[in-house]
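Reader: I would like to learn how to read the surface and the sheet of a model such as this one, taking one feature at a time. Could we begin with the outside and then work inward?

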Amino acid sequence: MFTSAGAGIWHFVLEDEIVQQSEPAVVAIQVTKEGGSSSGTGFNIAKDGRIITNFHVVQNARLISVLFADGRTFHLSGSDYETVEGLDLALLRLSSKEDLP
């Protein structure tokens with residue numbers, strides 16, 4: 001993959017570099033539901049904590065826990081998400097006073 005370094009300069013970005021740069025934003029999601037639990041993954045897309053995940057992961061949730069690789073954990077009620085109609089996508093909004101990866 002090529003990315004622009006500005007002023008018409010391009011450089012090759014190795015797949016490992018992309019993974020290293022993106023990995024801190026990948027989160028584990030644990031969901032408590034009536035009669036059980038589920039888990040999945042998501043990806044933080046903003047420093048204030050907006051997580052994209054699959055709707056089926058959080059559907060019918062009572063409690064949603066979002067865990068970052070650095071140990072930070074956030075808890076949401078089961079209704080603290082938005083969905084994208086017609087797609088298996090959900091957007092979780094975290095409450096964080098600090099920037100997130």
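Author: Let us begin with the surface, bearing in mind that this is a predicted model. Val26, Phe43, Ile45, Ile52, Val84, Leu87 and Leu89 make a nonpolar surface patch of about 540 Å². One of these residues, leucine 87, lies in the loop between S8 and strand S9 (90-93).

Reader: Where do nonpolar side chains tend to be in soluble globular proteins, and which residues have the most contacts inside the largest nonpolar core here?

Author: As a general idea, nonpolar side chains in soluble globular proteins tend to be buried together. In this model the largest nonpolar core has 16 residues, and Ile29, Ile64 and Val66 are those with the most contacts inside it. Two or more residues come from each of strand S3 (26-33), helix H2 (55-58), S6, S7 and S9, and the element that gives the most is S6, with 4 residues.

Reader: Along S3, which side chains are buried and which are not?

Author: The side chains of S3 alternate, with Val27, Ile29, Val31 and Lys33 pointing to one face, where they are buried, whereas Val26, Ala28, Gln30 and Thr32 point to the other face and are not buried. Here "buried" stands for under 20% relative accessible area. Val26 thus appears on the face that is not buried, and Val26 also belongs to the nonpolar surface patch.

Reader: What is the order of the strands in the sheet, and which strands are at its edges?

Author: To read a sheet, one follows the pairing from strand to strand. This open sheet of 7 strands has the order S7-S6-S3-S4-S5-S9-S8 with antiparallel pairing, and its edge strands, each pairing on one side only, are S7 (73-77) and S8 (81-83). From one strand to the next the twist averages 30°.

Reader: How many bridges join S3 to S6, and how many join S3 to S4?

Author: S3 and S6 run antiparallel and are joined by 7 bridges, with glutamine 30 having serine 65 of S6 as its bridge partner, while lysine 33 stands opposite alanine 61 in S6. Between S3 and strand S4 (residues 36-44), also running antiparallel, there are 8 bridges, and in S4 the bridge partner of lysine 33 is glycine 36.

Reader: In the hairpins, which glycine takes a positive phi between S3 and S4, and which one in the turn between S6 and S7?

Author: The hairpin of S3 and S4 has 2 residues between the strands, and glycine 35 takes a positive phi near 85°. The hairpin formed by S6 and S7 has 4 residues between them, with glycine 71 in the turn at a positive phi of about 100°. Strand S6 (residues 61-68) pairs with S7 in the antiparallel sense over 5 bridges, and among the bridge partners are isoleucine 64 with leucine 76 and leucine 67 with threonine 73.

Note on methods:
Residues numbered from 1 in each chain as written. Predicted model: local features only at pLDDT ≥ 70, side-chain atom pairs only at ≥ 80, totals over all residues. Heavy atoms only, no water. Pairing = 2+ DSSP bridges. Axes fitted to C-alpha atoms, helices over the stretch in contact; angles between N-to-C directions. Patch = residues over 30% accessible without salt bridge, like charges linked within 9 Å, V, L, I, M, F, W, Y side chains within 5 Å. Areas by Shrake-Rupley, 256 points an atom, 1.4 Å probe, with all protein chains shown as cover. Salt bridge = Lys/Arg side-chain N within 4 Å of Asp/Glu carboxyl O. Core = buried A, V, L, I, M, F, W, Y, C linked by side-chain atoms within 4.5 Å. Buried < 20%, exposed > 50% of the residue type's maximum accessible area, 1.4 Å probe, protein only.
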